[in-house]
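User: I'd like to learn how to read the features of a fold one at a time. Could you walk me through an example?

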Amino acid sequence: MHKEIYEARKSIILDFISDPHYHPMKLKEMCSILGVPRNEREDLKLVLDQLISEHQIDIDTKGRYKKSDPELLSGTFIGNTKGFGFVQVEGIDTDFYVSGENAMDALHGDQVLIKKISEAKGNHRSEAVVVKVVERANEYVIGIFEKSKNYGFVVPDNQKIAKDIFIQKNHTMGAVNGHKVVVKVTDYGNARRNPEGKVVEILGHVNDPGVDILSIVRAYHLPEQFPEEVMEQVARIPEEVQPEEYAGRKDIRSWQTVTIDGEEAKDLDDAITIVKTSEDRYLLGVHIADVSHYVTENSPLDKEALKRGTSVYLTDRVIPMLPHKLSNGICSLNTGVDRLALSCIMEMDDKGNILSHEIAETVINVDRRMTYTAVKQILEDKDPDVIESYKDFVPMFELMAEAASKLREKRKNRGGIDFDFPESKIILDKRGRAVDVKPYDRNSATKIIEDFMLAANETIAEDFFWQEIPFLYRTHETPDADRIHKLTVFLKNFGYYLKLKSGEVHPKEFQKLLGKIEGTPEEAMISRLVLRSMMRAKYTTDNSGHFGLAVKYYTHFTSPIRRYPDLQIHRIIKENLSGRLNEGRMEHYKKILPAVATATSQCERRADEAEREVDKLKKVEYMSQHIGEIHEGVISGITNWGMYVELPNTCEGMIRLQDLDDFYIFDENKYELVGEMTKQIFRLGQKIRIYIADADKVTRTVDFLLADDVE
């Protein structure tokens with residue numbers, strides 16, 4: 001019997017394993033009874049492994065297969081500092097509570113099988129017991145080493161790993177008290193015994209410059225060094241465009257071309273050209289570095305880029321997807337040098353409609369490297385000195401602003417949602433210590449580039465969708481109905497409403513809401529709640545549209561230096577342009593793209609989480625220098641244990657209910673706290689004065705008190 005037949009008859013195999021006469025049974029015995037030839041046993045094992053991955057069957061410690069308990073559920077274990085945990089099961093809204101005694105040897109992030117042991121009652125969740133850890137999330141743990149006379153132990157940085165890691169004396173690598181270390185876990189312990197491990201790397205003392213961020217880099221398994229074979233391939237790549245590489249490309253070096261980026265950016269992967277061809281027509285060119293020309297499929301560079309998925313931008317460093325020789329060199333659209341590009345040249349009318357487009361392999365030469373700040377000074381501030389410095393380009397920037405406003409207006413009319421949260425700009429000194437934190441707002445120049453990139457991404461996605469070519473799309477699903485229901489209940493308290501149709505909401509409703517709350521005290525709070533109600537955008541092979549942008553077709557085309565999906569679709573686009581995308585190559589992409597979509601979505605999430613952790617760490621470090629100060633902030637979150645307050649510089653802290661001078665009741669529907677005796681009310685969006693009481697870099701938390709209580 002061949003593998004295909006086995007796969008077609010999984011139910012028969014399940015019935016066989018479930019038969020009490022044969023249950024449980026080793027592979028050899030099963031093959032003997034079923035009459036499976038020796039040369040086909042591996043095929044049978046593949047099917048059994050598939051059934052194990054689907055949790056339909058299990059294998060015990062003696063290698064015997066048996067039917068899985070139908071009451072078992074698969075999920076992710078979420079640890080808690082107090083030793084208990086919760087398990088998130090896909091498709092079930094409420095988590096399962098797992099006591100410390102019932103957690104077995106599960107640690108935060110592990111994939112586990114659980115069995116429910118009690119139903120939910122009132123405010124109490126359903127309770128479960130972990131019966132098996134299916135996949136470990138913590139092969140390595142980062143933490144602070146503490147030494148005893150005959151042994152040591154490591155206190156994990158991750159507060160959700162509640163148990164310290166025991167280290168035998170001969171496995172400490174000479175670590176001393178206060179060293180930040182990487183531990184390889186050798187034994188995960190159990191409910192009554194701590195995990196054990198051995199120190200495999202000493203990062204430095206906890207107070208050494210840079211060790212704090214390096215710890216996060218290690219915790220998220222972010223690769224710092226490129227493998228030797230990758231660097232050998234990079235060394236063979238020329239630093240200038242070679243004469244033979246111009247052949248077959250559209251030569252647009254004579255077009256007035258600029259890049260617009262941040263002051264510190266070195267990997268310049270997009271350039272812009274624009275002219276007005278008639279009273280109501282624009283020719284907009286978005287030119288993207290042709291990275292795929294240098295990063296060839298299945299080469300060491302390509303495999304490493306896929307493994308990394310994206311560049312990671314931390315406060316004090318960038319962990320690039322590609323080596324700097326490429327990202328800052330031959331692939332960067334630097335001023336005054338010829339560069340290979342993949343261009344999307346769009347004809348646009350004065351309503352923001354893309355009338356026609358051309359996708360072409362091009363050679364370009366950038367005239368000026370502009371910054372967002374300089375373009376803002378020209379367009380918004382009308383700075384005469386800056387205008388004089390760039391006088392030959394000022395008409396181009398004014399035309400850019402004009403065209404971008406048309407695109408933005410069109411996006412607004414169709415319902416595109418534009419969240420305008422200030423990002424944090426964290427300033428470090430030479431030792432890597434946070435010395436300032438301030439909001440970093442988008443200006444007119446950043447919005448112009450965003451508008452042009454969105455137009456190119458949408459144009460490319462629609463083109464390849466209708467060609468029915470295997471492709472990667474950037475999709476954003478319609479928000480979950482339960483989340484929208486909770487949001488609408490909350491909004492009613494403020495007199496706002498969302499119009500639903502068949503239980504679903506159109507993005508235009510969110511856009512209208514954001515317009516109504518603009519400038520109100522509750523603007524930031526409601527904007528955040530709207531954002532939390534959204535699903536997470538991801539990469540997929542099916543084009544299901546982008547809810548937030550209110551578009552049917554969307555992809556990521558414009559950043560191949562720092563995002564692998566962009567690099568991947570560049571290959572497909574170029575093969576299609578050159579006529580090399582034959583049936584065999586189409587099948588190839590159909591086969592590999594689902595895995596690429598999953599892997600790059602996971603890498604993106606990892607990068608986002610690492611960036612957030614570093615920002616949180618540095619904000620706490622900054623706030624630790626301001627303990628005892630009084631500031632005004634806005635209540636940004638309310639829970640049944642306290643309220644979060646955000647300061648104008650974007651730093652956030654918590655006022656715990658236990659630190660208030662009254663017993664406060666949390667109203668979950670209204671998101672407010674009501675004092676039992678004083679009847680004082682604290683609401684989301686309310687301005688209050690706070691006293692900075694404490695800041696803890698280990699837990700990455702900042703504690704506030706009400707200023708009135710300490711004055």
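User: Leaving aside its neighbours within four places in sequence, which residues is T555 in contact with?

Analyst: Happy to start there, and please keep in mind that this is a predicted model. Setting aside neighbours within four places in sequence, T555 is in contact with N457, I460, A461, F471, L472, Y473, R474 and I569. T555 itself is found in the loop between strand 27 (538–540) and helix 16.

User: Is T555 buried or exposed?

Analyst: The cut-off to keep in mind is that buried means under 20% relative accessible area. T555 has 1% relative accessibility, so it counts as buried. You can also place T555 relative to D270: the two are 285 residues apart in sequence and 16 Å apart in space, C-alpha to C-alpha.

User: How do I read a nonpolar core? Which residues of the largest one touch the most other members?

Analyst: The general idea is that in soluble globular proteins, nonpolar side chains tend to be buried together. Here the largest nonpolar core has 81 residues, and F397, M400 and F452 touch the most other members. Helix 12 (residues 444–466) gives the most to this core, with 10 residues. Apart from it lies another core, of 45 residues, with F490, L491, V505 and F682 among them.

User: What is F452 in contact with, beyond its neighbours within four places in sequence?

Analyst: With those neighbours left aside, F452 is in contact with I272, I274, L284, V286, M400, A403, A404 and L407.

User: How are two packed helices described, and at what angle do helix 11 and helix 12 pack?

Analyst: Two packed helices are described by the angle between their axes and the distance between the axes. Helix 11 (residues 394–414) and helix 12 pack at about 60 degrees, with their axes 9 Å apart, and their crossing is left-handed. On the helix 11 side, the contact is made by M400, A401, A403, A404, L407, R408, R411 and R414. Helix 12 contributes K447, I448, D451, F452, L454, A455 and E458.

User: Now a single helix. Which residues of helix 7 are buried?

Analyst: For one helix, look at where the buried residues lie around the axis. In helix 7 (residues 300–308) the buried residues are L301, D302, E304, A305 and R308. They cover an arc of only 165 degrees around the axis, so they sit on the same side of helix 7. On the other side, K303 and K307 are exposed. What covers the buried residues of helix 7 includes helix 6 (228–235), strand 18 (317–319), helix 8 (324–330), helix 16 (564–578) and helix 17 (583–623). Helix 7 is followed by G309, whose phi is positive, near 75 degrees.

User: Where is H221 found, and what is the phi of this residue?

Analyst: H221 is found in the loop between helix 5 (211–219) and helix 6. Phi of H221 is near 55 degrees, a positive value in a residue other than glycine. H221 is partly exposed, with a relative accessible area of 45%. T650 also has a positive phi, near 85 degrees, and is a residue other than glycine. T650 lies in the loop between strand 29 (642–646) and strand 30 (652–656) and is buried, with a relative accessible area of 8%.

User: Last one: how many bridges join strand 6 to strand 7?

Analyst: For paired strands, read the direction, the bridges and the partners. Strand 6 (residues 111–118) is joined to strand 7 (residues 127–135) by 7 bridges, and the two run antiparallel. K115 has V129 of strand 7 as its bridge partner. Strand 6 also pairs with strand 3 (residues 72–79) in the antiparallel sense, over 5 bridges. There, the bridge partner of G75 in strand 6 is V112.

Definitions and conventions. Residues are numbered from 1 along each chain as its sequence is written. This is a predicted model: local features need pLDDT of at least 70, side-chain atom pairs count only at pLDDT 80 or more; totals for chains, interfaces and linings use all residues. Side-chain values use heavy atoms; hydrogens and water are left out. Buried means under 20% relative accessible area, exposed over 50%, partly exposed in between (1.4 Å probe, protein chains only). Helices (H or I, at least four residues) and strands (E, at least two) are DSSP runs, numbered from the N terminus. The arc is that of the directions from the helix axis to the C-beta atoms. Contact means heavy atoms within 4.5 Å. A nonpolar core is a set of buried Ala, Val, Leu, Ile, Met, Phe, Trp, Tyr and Cys residues joined through side-chain atoms within 4.5 Å. Two strands pair if DSSP finds at least two bridges between them. Axes are lines fitted to C-alpha atoms, for helices over the stretch in contact, and angles run from 0 to 180 degrees between N-to-C directions. A crossing is left-handed if the near helix is turned anticlockwise from the far one by less than a right angle, and right-handed if clockwise.
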